[in-house]
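Here are my notes on this model, written as numbered points. Please keep the structure open beside them and find each element as you read.

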Amino acid sequence: MSSRERLASERVVVVGSGPPGAAAAHLLSRMGVDVLLLEAGSQRAALGLTVRVRGFTVAKVRRPLGQRPDYEATGDPAAELFEDVAPGGLTNHWSCAVPRFSPEDFADGERAGDAYTWPIGYDDVAPWYAHVEPLLRVAGGSAEYEQLPAGRVRHRVTLRRDWEPIATQAQHAGRAVAPMPYAYGAETTVTLSGTVFNSFVRLLGPELRAGRIDTRFDARVLRLEWSREKRRVEAVVFRNARTGAEESVACRAVVLAAGAIGSAEILLASSSTEFPQGLGNTEDVLGRYLHDHPLGKLVLDLDDPVSIHPPAYMTRPTLDRAPPLYTAACVQWSGASLFARSLLRRSPGRLPWVGFNVFGTMAPTRDNWVALDPSKTRRDGSPALKLHVRHPPEAGPALHRARDDMAEVLARAGLRPQVRLWHVEPVGESKHYGGTCRMHASAKYGMLDRWSRLHAAPNVAVGDSAAFTTGPEKNPVLTAMALAARAANRIAEDMKAGTI
């Protein structure tokens, strides 16, 4: 082996520049690890413009968001699969909500049985929340709630006083009302990307300019190459979009962060004589236990106006008030356009109606999955996808309970709400798929160990929401970043110890 080949084989390859991949690559580079980032999008694809003033987006130019053209929805035929092949991925379109999962969120699955039990708890992830939150310049509250731990925030914010009676009444429903924590949520900034936080622009750009990370753009990863003799993955194969050729890079370890669908797709395509159903897929769980955030849109007219900034978050109820794995929470709509409407009404920052995204949960089961479809191919000849997912019947009532609780809380606060709009979105509209390469103590129920590494190939970690054992109702980005950083740190330690 030449010196160049030896150096190449010592690096860690990170697949994907979305928030989890960016968090993993950032940490590895700061630990002195040689990192090669493979990004399927072109270098300039994420260019845009976002202007923020004290947390309000006043101007935005970004690329359109579309759905993957090469999938067949075989469960719910209306199921959606959004994708943005560009540096930063879906952070080109992200709202920037960054709540922590709570101790109850990690414990909820245990009530439903062994198949839903996380191999880790909140205390395992808390130090890594504290690690990634400063990278996000979070604006959020300081109060601790059972359903929403206080994070490490840069800017402390509180709800306006007119939300105090609403928060008091929410306690009767076993819920809390707090300001939703947001990345860059109180900053004045100009960003050359489609949102205020594009993970590639914010986290990886400085590392690239400092020469701490090497990057290959236009590199869509096809598969990982397993060495039966060495008992590890030793190379990553990708297609060069500019030449159409397949290329291979040697590695010592891999962090997959291509999203819940993309990471499963790569592992499914990484078959071998030892793993004919995909790398590490010893129990036929790869691609299964896919889950989504059921999403409802709610608008309520009120007798009196309420404040729209900072946006309020009515949490899910405590565990004793909801069945296992089925609940929902309400996230208030806010932003510059709503503030402009309040100015036109001569009540700056207040409106006589309130809108919410109502995010729910669903129990992940083997019957919801993603798989390769060799009968159909992409333009480059690789297999297309089958997406087999439905919202279970229990998901709808959970959304309805949150809607009704929100209306009752506002009524008890004297605002006499009237429902103007209630609409449940199609499967996938929330863009929060997870669980296809889930953590579990047993390979019977999960692909990954408690450090996000494949049970059967421990030099491969999955660093995105594919690793989630269950999916709480909260935005998954912060937890995916924390788990990715935690996994990357373990890989770096294993490399130093010689166990990889």
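1. Start with strands E18 and E21 in this predicted model. E18 covers residues 295-307, and E21 covers residues 350-360. The two run antiparallel and are joined by nine bridges. One bridge is easy to look up: leucine 295 has phenylalanine 359 in E21 as its partner.

2. Now place that pair in its sheet. The sheet is open and has six strands, in the order E10-E19-E20-E21-E18-E24. Its pairing is antiparallel. Why is one side of E10 and of E24 left without a neighbour in the sheet? E10 (177-179) and E24 (418-424) stand at the edges, and each has a single partner strand, so nothing in the sheet sits on the other side. On average, neighbouring strands here are turned by 25° against each other, direction ignored.

3. A second open sheet has three strands, in the order E4-E3-E12. Its pairing is antiparallel too. The edge strands are E4 (56-61) and E12 (189-191); each has a single partner, so one side of each lacks a neighbour in the sheet. Neighbouring strands in this sheet are turned by 10° on average, direction ignored.

4. Look inside that sheet at E3, residues 49-53. E3 and E4 pair over five bridges, in the antiparallel sense. Leucine 49 is bridged to valine 61 in E4.

5. Next, follow E15, residues 232-240. How many of its nine residues are buried? Eight are, and the strand is mostly covered. E14 (residues 219-227) runs antiparallel to E15, with eight bridges between them. One of the partnerships links leucine 224 with valine 236 in E15. The hairpin of E14 and E15 has four residues between the strands, and arginine 231 takes a positive phi near 60° there.

6. E15 also pairs with E16, residues 246-250. This pairing is antiparallel and has five bridges. Valine 237 is the partner of serine 248 in E16. Five residues lie between the strands of this hairpin, where glycine 244 has a positive phi near 80°.

7. Turn to the nonpolar cores. The largest holds 119 residues. Which residues have the most contacts inside it? They are Leu224, Leu279, Leu387 and Tyr433. Helix H10 (residues 477-497) gives the most to this core, with 13 residues. Another core lies apart from it and has 23 residues, including Ala170, Leu300, Leu302 and Val354. Leu224 is worth a second look: besides its place in the largest core, leucine 224 has its bridge partner in E15.

8. Last, the empty space. A probe the size of a water molecule, rolled over the atoms, shows where such space is left. A search of the whole structure finds two cavities of 30 Å³ or more. The largest contains about 80 Å³ of space. Its lining includes Asp105, Asp108, Arg316 and Glu473. By class, this lining has four nonpolar, four polar and four charged residues.

9. The second largest cavity has a volume of about 50 Å³. Among the residues lining it are His291, His293, His432 and Tyr433. This lining divides into five nonpolar, six polar and one charged. Gly471 and Pro472 line the largest cavity, and Gly471 and Pro472 also line the second largest. Tyr433 has two roles as well: it lines the second largest cavity, and Tyr433 is among the residues with the most contacts inside the largest core.

Note on methods: Residues numbered from 1 in each chain as written. Predicted model: local features only at pLDDT ≥ 70, side-chain atom pairs only at ≥ 80, totals over all residues. Heavy atoms only, no water. Pairing = 2+ DSSP bridges. Axes fitted to C-alpha atoms, helices over the stretch in contact; angles between N-to-C directions. Buried < 20%, exposed > 50% of the residue type's maximum accessible area, 1.4 Å probe, protein only. 1 Å grid on protein atoms, 1.4 Å probe; cavity = no way out; pocket = protein on both sides within 12 Å on 5 of 7 lines; lining within 4 Å. Points joined across faces, edges and corners; volume = space filled by probe spheres on them. Nonpolar A, V, L, I, M, F, W, Y, C, P; charged D, E, K, R; others polar. Core = buried A, V, L, I, M, F, W, Y, C linked by side-chain atoms within 4.5 Å.
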